[in-house]
Amino acid sequence: MQSRISWLKMASLTVAAAALAACSGANDSAPMVDSNGKHPANWVKAHGAIANASSAQCTQCHGEDLTGGITRVGCFSTPQTAQFGFVCHATNPVAAAGCDSCHSTPPAGAAAPNRSGLHTLHLQLLGTNCASCHTGAGFGTENHAKATATGDMAGATVMFPASLKAKTAPSFGYDAANGTCSGVICHGGKNTPKWYGGSIDPATGCVSCHEQGTAAQTPQYNSYFSGTYNQRNLHEIHLHLLVPNTLTPIVCTDCHNTASLTSHFTSLATPAFGAEPSTTIGGGSTKITSYTAYTAAVPSGSCTSTCHAANGNNPRNWINN
């Protein structure tokens, strides 16, 4: 009996030694492990590309289900538990790009790391992706999925590329305490609504992103300025008047049809308008019954409106002089 026990112990030690050798040896299946069975110092950042290329390099030591294997170090974090200062994948299997194992694409839940906020709305913009707001903090970077000192999920790192800085903003960025952005091109340099629960109604909130300009694309790329007469800006003139025979101030949507704003928020890739603003003039609930835009060939545009009909001044020109 004693001989059998000794034999079993020897067999167990042999199996364990062979398994450890597989992890500690610099073999083809585990090329990122040194002779001591350790990964290189930048492994948290580099492991994604290696794992995606061949998961066999991971399962050999961490187990077929990646929950730890002989290393007892798995690829998944339980709540309030971090490994090496990072909160690892929340579910199994690990998605090919790593994202869906922790949050939806876009995030669509109520708790970290899958808080929805306004992700869906922003990712509908052409050319917008995670890196548009999380520069240097995406999958495979050292700023991704960092844990707090207690092992909880740390707040997401929000960092914008320089291309999103508004034209005249002294600074730009995200205020995590208030959940708002400031100085970004997509909101005309103005402070944004809160990321959680905030909103802008395009039908009534024009000045939440736009402001009166002093010249074309000045002070911001999206400042409204077109139209001058006797050295006065026609936008400024109109927005300081009342609708004829009423006490109601003229507003943007008296001329601009919100139903035509389908391409209003087209892209973040350029400071140009997603669509020519003149294409939104007239129709719907506006007071413009017809409009002819000015061009290089026809420098004087004109409109027919219920406003000017009240004093017999239809049509009226919209000109630059």
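The lining of the largest cavity divides into 3 nonpolar, 3 polar and 1 charged residue. Those residues are Ala166, Lys167, Ile185, Gly188, Gln220, Tyr221 and Asn222. The volume of this cavity is about 30 Å³. A cut-off of 30 Å³ or more leaves 1 cavity in the structure. The model is a predicted one.

Now take the chain as a whole. It has 6 helices and 7 strands. Read from the N terminus, the order is α-α-α-α-β-β-β-β-α-β-β-α-β. The chain has 321 residues, and buried residues make up 25% of them. Contacts give another view of the fold. Of those between residues at least 6 apart in sequence, 36% join residues at least 24 apart.

Next come the charged pairs. Side chains of opposite charge can pair when their charged atoms come close. How many salt bridges does a search of the whole structure find? The search returns 1 salt bridge. Its partners are the side chains of Asp254 and Lys287, with an N to O distance of 2.9 Å. Asp254 sits in the loop between helix H5 (234–238) and strand S5 (288–292), and Lys287 is also in the loop between H5 and S5. The two are 33 residues apart in sequence, so the pair ties together parts separated by that stretch of chain. Are the partners buried or exposed? Asp254 has a relative accessible area of 10%, so it counts as buried. Lys287 reaches 22% relative accessibility and therefore counts as partly exposed. The cut-off for buried is under 20%.

Turn to the cysteines. A search of the whole structure finds 0 disulfides. Cys181 is in no disulfide, and the nearest cysteine sulfur to its own belongs to Cys133, 6.5 Å away. A disulfide would need the two sulfur atoms within 2.5 Å, so this pair does not qualify. Cys181 is buried, at 14% relative accessibility. Cys307 is likewise in no disulfide; for this residue the nearest cysteine sulfur is that of Cys255, 6.8 Å away. Cys307 also counts as buried, with a relative accessibility of 15%.

Strand S2 is the next stop. It covers residues 180–182, and Thr180 lies in it. Is Thr180 buried or exposed? Its relative accessible area is 16%, so Thr180 is buried. Which residues does Thr180 touch, leaving aside those up to four places away in sequence? On one side of it in sequence are Gly173, Tyr174 and Asp175. On the other are Thr192, Pro193 and Lys194.

Finally, look at Ala293. This residue lies in the loop between S5 and strand S6 (300–305). Ala293 is partly exposed, with a relative accessible area of 29%. Where does the chain bring Thr279 relative to Ala293? The two are 14 residues apart in sequence, and their C-alpha atoms are 8.3 Å apart in space. Apart from residues up to four places away in sequence, Ala293 touches Ser278 and Gly301. Of these partners, Gly301 falls within the range given for S6, 300–305.

Key. Residues numbered from 1 in each chain as written. Predicted model: local features only at pLDDT ≥ 70, side-chain atom pairs only at ≥ 80, totals over all residues. Heavy atoms only, no water. Helix = DSSP H or I, 4+ residues; strand = E, 2+ residues; numbered from the N terminus. Buried < 20%, exposed > 50% of the residue type's maximum accessible area, 1.4 Å probe, protein only. Contact = heavy atoms within 4.5 Å. Salt bridge = Lys/Arg side-chain N within 4 Å of Asp/Glu carboxyl O. 1 Å grid on protein atoms, 1.4 Å probe; cavity = no way out; pocket = protein on both sides within 12 Å on 5 of 7 lines; lining within 4 Å. Points joined across faces, edges and corners; volume = space filled by probe spheres on them. Nonpolar A, V, L, I, M, F, W, Y, C, P; charged D, E, K, R; others polar.
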